Amino acid sequence: MIKKSFKVHGVYVHVPFCKRKCLYCDFFSCASDNTELMLQYADAVCCQIEQTQAEVTDYATIYFGGGTPSILPVDGLIRIVEKLKQCGFWQMPKEATIECNPGTVDLDKLQVYRQLGFDRISFGVQSFNNNELQIIGRIHNADDALTAVALAKAVGFKRINVDLIYGLPLQNLNSFQYSLQQFCSLNLSHLSLYSLILEDGTSLKTMVDNGQIKMPDENLTADMDDWVQKFLLQHGYKRYEISNYAKTGEESKHNLVYWNYLPYIGFGAGATGFDGWTRYKGVENIGQYIQSPLAVEKEHLTCDNIYSEFMFMNLRKVDGVRLKEYKERYGEDIIDKTLTKINTCIEDGLVEYDDKKDVLRLTERGMSLGDLVFSKFV
Ligand code: SF4
């Protein structure tokens with residue numbers, strides 16, 4: 001492999017605070033309303049930004065994720081954004097997104113986000129049914145979500161994403177269809193649709209294991225999957241990644257940095273970064289991060305790691321991957337070894353390779369059974 005250096009294409013800032021922990025969540029975030037702690041955290045992020053040297057493309061995307069970035073006091077958010085701008089990490093971003101919990105926004109906050117330069121907002125709505133929201137421990141109800149979206153539109157956000165989850169406890173085909181209908185009636189630009197995964201260590205997993213909560217059966221989630229593809233397409237949302245749908249030209253440019261396996265930088269506790277060869281991760285402890293924001297764990301990736309990750313990130317996209325791109329980036333021709341590895345997946349109709357265009361991609365069936373294909377690269 002040729003060891004050349006790459007420029008950063010995306011900048012991620014992690015805000016690890018939430019008003020309350022949702023029952024299914026295993027992201028690194030803590031329930032807190034301690035404004036003082038949040039401001040100390042913002043200062044630590046500023047310190048990390050100031051001390052970090054990296055070559056950044058002038059169009060690098062910005063993404064504030066969490067946790068709940070919209071819980072951060074506005075002063076703290078302004079300090080971080082100004083520091084990113086001052087240090088050259090925020091120049092002329094292709095896109096600047098902030099994630100919000102619908103239960104934590106108001107008109108004033110949203111106006112500040114627009115003034116700071118955020119042009120995309122992502123709401124964790126998860127469902128438009130109050131009983132489903134309640135059972136998974138969300139802090140908001142369906143009306144809060146509708147209000148948050150209306151306020152975001154009122155302050156000028158044109159690019160709005162909603163996250164929804166399918167396979168929720170209490171959900172049935174009708175209630176899921178209702179959530180999707182509500183989403184489509186809002187005429188937004190983007191939808192992220194995830195299936196609920198019961199993660200070890202979450203309260204929801206314990207409650208399901210104890211029989212306190214029942215999950216919908218697998219046939220139901222398979223029915224939902226069939227229906228959703230047709231319904232979203234009819235409403236103008238094209239699937240462009242396994243869990244993501246957008247109107248034409250409204251794809252998430254920041255998330256495409258990850259799926260295209262391009263370098264990105266991460267600031268904040270538990271935030272990861274990737275320079276094309278090495279992955280970095282900030283300490284997953286808010287107190288320790290505030291003490292030493294520059295302490296990161298490094299994982300030097302082997303050639304095999306890089307090849308596997310390049311394949312399974314890129315294959316998540318409906319457009320698939322040009323295999324020659326790997327040679328352009330890493331100097332190794334992977335066409336023969338890749339086709340040998342996934343020969344059975346091609347025979348089973350999960351993957352197709354267009355050798356004239358040099359494009360390898362999952363078929364529609366492969367999109368639902370992606371794990372079978374990805375396992376070939378592990
Ligand atoms: S708001 Fe998001 S990050 Fe926070 S606990 Fe809920 S799912 Fe997790």
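**Ligand shell, second largest pocket and a helix pair**

The shell of residues around the ligand divides into five nonpolar, four polar and three charged members, where Ala, Val, Leu, Ile, Met, Phe, Trp, Tyr, Cys and Pro count as nonpolar, Asp, Glu, Lys and Arg as charged, and the others, Gly among them, as polar. This is a predicted model, in which local features need pLDDT of at least 70 and side-chain atom pairs count only at pLDDT 80 or more, while totals for chains, interfaces and linings use all residues. Residues are numbered from 1 along each chain as its sequence is written, and side-chain values use heavy atoms, with hydrogens and water left out.

The residues around the ligand (those with a heavy atom within 4 Å of it) are Cys 18, Arg 20, Lys 21, Cys 22, Tyr 24, Cys 25, Phe 27, Ser 29, Gly 67, Thr 68, Asn 101 and Arg 138. Of these, Gly 67 lies in the loop between strand S4 (56-66) and helix H2 (74-86), and the peptide bond that joins Gly 66 to Gly 67 is cis, with omega near 20°. Helices (H or I, at least four residues) and strands (E, at least two) are DSSP runs, numbered from the N terminus.

The second largest pocket holds about 480 Å³ of space. Its lining comprises 25 residues, of which Thr 52, Gln 53, Ala 54, Ile 265 and Tyr 280 are the closest to the centre. Strand S11 (264-267) and strand S12 (272-274) are the elements that give two or more residues to this lining, and the largest share, four residues, comes from S11. By class, the lining has 14 nonpolar, seven polar and four charged residues. A pocket here is an open set of points on a 1 Å grid over the protein atoms alone, where a 1.4 Å probe fits, with protein on both sides within 12 Å along at least five of seven lines; lining residues have an atom within 4 Å of a point.

Elsewhere, helix H6 (residues 173-185) and helix H8 (residues 218-234) pack with their axes 10 Å apart, at an angle of about 25°. The two helices H6 and H8 are therefore roughly parallel to each other, a term for angles under 35 degrees. In the loop between H6 and strand S8 (190-195) is Asn 187, a residue other than glycine whose phi is positive, near 55°.

Key:
Points joined across faces, edges and corners; volume = space filled by probe spheres on them. Axes fitted to C-alpha atoms, helices over the stretch in contact; angles between N-to-C directions. Parallel < 35°, antiparallel > 145°, perpendicular 65-115°, else oblique.
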